[in-house]
Structures are given as structure tokens and as C-alpha cells.
Amino acid sequence: MTATFHPAAASTAQNLSTTQVLEQLRALLQPLGAVAEQETLSLSDALDRILAEPVACPVDVPPHDNSAMDGYAFDGTELDSVNGGLLRLRVVGTVLAGAPWTQALAQGECVKIMTGAVMPAGLDTVVPHEQVTACGEEIEFDTCGIRPGANRRLRGEDLRQGEVALPAGQRLTPAALGLLASLGLGLATVRRRLRVAYFSTGDELLNPGAAPREGAIYDSNRFSLQGLLRRMGAQVLDLGSVPDEPAALEERLREAATLADVVLTSGGISAGEADHTRAMLQRLGTVQFWRVAMRPGRPLAVGLLAPAAMALNPVAERFTEKSAISPIPESVNSSEKQSISMSSKRPAVLLGLPGNPVAAMVSFLMFVRPSLALLSGERAAPTVMLQALSSERLRKREGRTEYLRGVLDLNEQGQATVRTTGPQGSALLSSMVDANCIIVLDDARGDVQPGEYVHVLPMHGLI
Ligand SMILES: Nc1nc2c(c(=O)[nH]1)N[C@H]1C(S)=C(S)[C@@H](COP(=O)(O)OP(=O)(O)OC[C@H]3O[C@@H](n4cnc5c(N)ncnc54)[C@H](O)[C@@H]3O)O[C@H]1N2
Ligand code: MOO
């Protein structure tokens, strides 16, 4: 895309559309490019990693013509002699998968063959054993409907030697790993995982497991958002939670920006609180506070934390000094710290999500997910957006995009239908748990009547 990042255009008070936010994010992130470092891993360690280079096929797949069925292989020209009638052939042997047949066959002869076994030279057609009648050493079958070449898989019909089997940027899904293995490749060269440091903000936050305290709530975003990060294949650095104090926040931000490619936070970005953090963030880099014309997920903070600002607090010192704020959790282990401190550093991307638990997850799915995909070098995949009939009336305010948590189903006529999970407050995490899709009502849409089509994003593949 050609958009350029305009910090001024994205100033505090403006309401940006979701499309504008995605354009602005792309304009900010594209110049940074994807993480450059690569590593070579065995296939068993490469699930969900991003291929660094295209992979060319070293061999044809399958490597030989082979049978698609358990049955009898014969020369298809034998079919001409019976003109759709009964064909009788003598069985001269058995070909098993992995043990090629080497003898020549005479006219009127066939071999018993197993699925996957190499087709003997000169034989091109297989009749499944269910269709034949065995008569001693011979078989007989009705040739009606059998064409020469039936039930044979051709060499190279999946992939041809030299062609690109997988492009750079391909996520190594189970199918992609299987495909690499089918080429005989045991290793994959992938990009380093994106390092994402996460912390929650808020005086009211308690760690799960701690005793309840008057006025406090448990920090759920740390777990939902880190779960989403892990599902994407990011290396998550869990930096705990920070109270609403600029000094504590500054220290943790410096920490995070030195350790990670991306710093993800939740909370403390709505109008009131943003004021005291804005000045501090401006010292650390360029951070904008956006208001997005969407619900949930209206506030969003986006920016770059300059590496120069972080030099005030070098990594080596930070891990020896006593921190005034809650310690970095053990999940950031010492070898990680060491490898991280040795890596070259460029600006860290800051993505600040709203504190409301559903708003944080929805903003993650809409904005953080594509941002991380870009930075990790993953090639863009089309978003699967479906249409479904709304089972209920939905109130919708024009001029903003609304994301409702929905349950997608098929009705008795086989049509896709969708209903909401119930109350849609942006603090109701149960609405997210119960959903199998997000109902997307775009800016221009008004109220939806029962039976009208709405767009839905299936949760499968997103979460
Ligand atoms: N005057 C205005 N007030 C609010 C606005 C606004 O535009 N003007 N926007 C509202 C919207 S929309 C949202 S969303 C929130 C976002 O506020 P913050 O990002 O500053 O988040 P907090 O105020 O820190 O928290 C909001 C809410 O979420 C709870 N929370 C925060 N962190 C966590 C966590 N880690 N786990 C679970 N729950 C969390 C927090 O206790 C609050 O209840 O602002 C509205 N207000
Ligand atoms: O938009 Mo806030 O993010 O609804 O709860």
C-alpha cells in the first residue's frame, strides 16, 4: 500500500475508521520490514514458524506412477479387445508398496497391486479388487466405465521438480510441514520469532491466585492477550503488570522496548489517563493516541519507541539493579535475556490496547494480528469473511464499525445463520468464550432486522 504514516493526521481527538487505522499501521510498519534474522530448524520444531526463503522441489511428488487402489494393474490397451464387455486376465504376481516389480508382462496378464505401489512398466490401469471375480489364477471383470489410466496416480502430479513448493512468508502449518517432508526435506529455514513484550497497566490489577482485595480485579488481559500472541507464534516476554504511575510505566516501557520488537500493553489509554502518559511517551519515541470509530475498542495507542531513549537504561545494568516496581516474571528466563541483549536493536513498535477485556481482544484481532504478521514476515492471507442470516434484531449506530460476538450455525435449510452470544458489554469475557465468530457491522450499516444478511468472521483460524 502507498499510505504514509502521518502522526499529525492521527492526533488525539480524531476518530479514525478501521480502514484508516490499518492503512496507518501499514505505513508505520512497512518501512521497518520483517525481522531479518533466520534460523534453520528440524521440521519437528518448525510448526507455525514463517519460511524465510521459497522452497523449490528437489524431486517430483509422487516420485513414481503408483496405484490409487488395492486391485489389479493391467495394460489399458487390453480394454480395446472387449469393447466394454467382460475382460479375463491371468494374475502373475503381487506388487507391494515399496517393492517395485521388475518382470515384463505378456498380453492377457495382470498383477495384484496395493495402494501406493509403483506401477510396473507397461501397466497403466488398475481395477479395484471389489469389482473383480476371482477364478483360480485368473480374474474377470466388467470393463464398462473403466478407462485406460484409471486409478493410477501420476509421477509429479502433486509437485514437479524445480517448481516452488512453498513461497517465502508461508506459515508452516501442519499441511505445509507435511509437504516439506514429502519432498524429503528434514530442515526448514525460518525467520526468528517476533519478540513481543507484554504488560498490563492498572492500580486495580491483581495476579490470579492472589487473595481478593476491595476494589481490585484480576488481570485477565495478560492471559487472553498472551494466549493470542502465542497462537500467532510470537515469543512472548511476560512483563507482568504495572500500576498507573508514570515513573513505573516509563521504567517498564524502557525495559520492554529494549527486550522486544513489539511492546504490547493494555489499559491506561483512554482520554483521561492518556494525558499523563502522553508526555512521558513522547520522551521515549513517537506515540499517537487514536480514537477508532469502532465498538468495542475505541482507544488505541500506536507508535515507535526509539532505541536511543532506551540507552539511558542499558540492558546489562537493568538485570542487576533492583527494580522499584514488581519484578519481571520468571517466564523471561536468563538465556532469553542474554540472547535478547545481544541482538541488534531497532525501534520497538508500541501497540497500546484498551483495558476492557473484550475491547482488548477485538483490537488485537483487528489491528495487532495483521501488524505482527507483517513484522514477522508472514505473507498476507485472505480474510475469510462469510455472510449469514441474522437470527435477531441488532441495534447498530451508523458511522462506526461494531464487532459483536456471535454463534454461527446452519439452519434446517442448510443456510448459515448467526445470533449474538447475549449481552455485548466490552468487559464481558464470557461473550468471547461462547462465540465462534465475530459479527462485523460496518460503518455505513444501521439496525439489522431478523433475516437480513450480516458479515461474520469465523473465529477458527483467528484465535
Ligand atoms: N471519558 C471517557 N471514558 C472512557 C472512554 C472515553 O472515550 N472517554 N472510553 C471508554 C472505552 S471505549 C474504553 S475501552 C476504556 C478504555 O480505557 P483504558 O484503555 O484507559 O483502560 P482502563 O481505564 O485502564 O481500563 C478499562 C477497564 O478495563 C479494566 N481492565 C484494565 N486492565 C485490565 C486487565 N489487565 N484485566 C482485566 N480488566 C482490565 C479496568 O479495570 C476497567 O474496568 O475507557 C472507557 N472510558
Ligand atoms: O470501545 Mo471500549 O474499547 O468499548 O470498551
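Trainee: Which residues of α4 are buried?
Mentor: This is a predicted model: local features need pLDDT of at least 70, side-chain atom pairs count only at pLDDT 80 or more, and totals for chains, interfaces and linings use all residues. Residues are numbered from 1 along each chain as its sequence is written; chains are lettered from A and ligands numbered from 1, in the order written. Buried means 20 or more other C-beta atoms, placed from the backbone, within 10 Å of the residue's own. In α4 (helices are DSSP H or I runs of at least four residues, strands E runs of at least two, numbered from the N terminus) that gives Leu-249, Arg-252, Leu-253, Arg-254, Glu-255, Ala-256, Ala-257, Thr-258 and Leu-259.

Trainee: How far apart are the end C-alpha atoms of α4?
Mentor: α4 covers residues 246-259, 14 residues. The expected span is 1.5 Å times one less than the number of residues, so 20 Å is predicted for α4. The model agrees: the ends are apart by 20 Å.

Trainee: How many of the 8 residues of strand β19 are buried?
Mentor: β19 spans residues 285-292. The strand is mostly covered, and the buried count is 6.

Trainee: Which residue in β21 is the bridge partner of Gly-285?
Mentor: Strands pair if DSSP finds at least two bridges between them. β19 and β21 (residues 299-305) run antiparallel, joined by 7 bridges. The partner of Gly-285 is Leu-305.

Trainee: Which residue in β19 stands opposite Leu-16?
Mentor: Strand β1 (residues 15-16) runs parallel to β19, with 2 bridges. Opposite Leu-16 stands Val-292.

Note on methods
A residue is buried if 20 or more other C-beta atoms lie within 10 Å of its own, exposed if 12 or fewer, and partly exposed in between; C-beta atoms are placed from the backbone.
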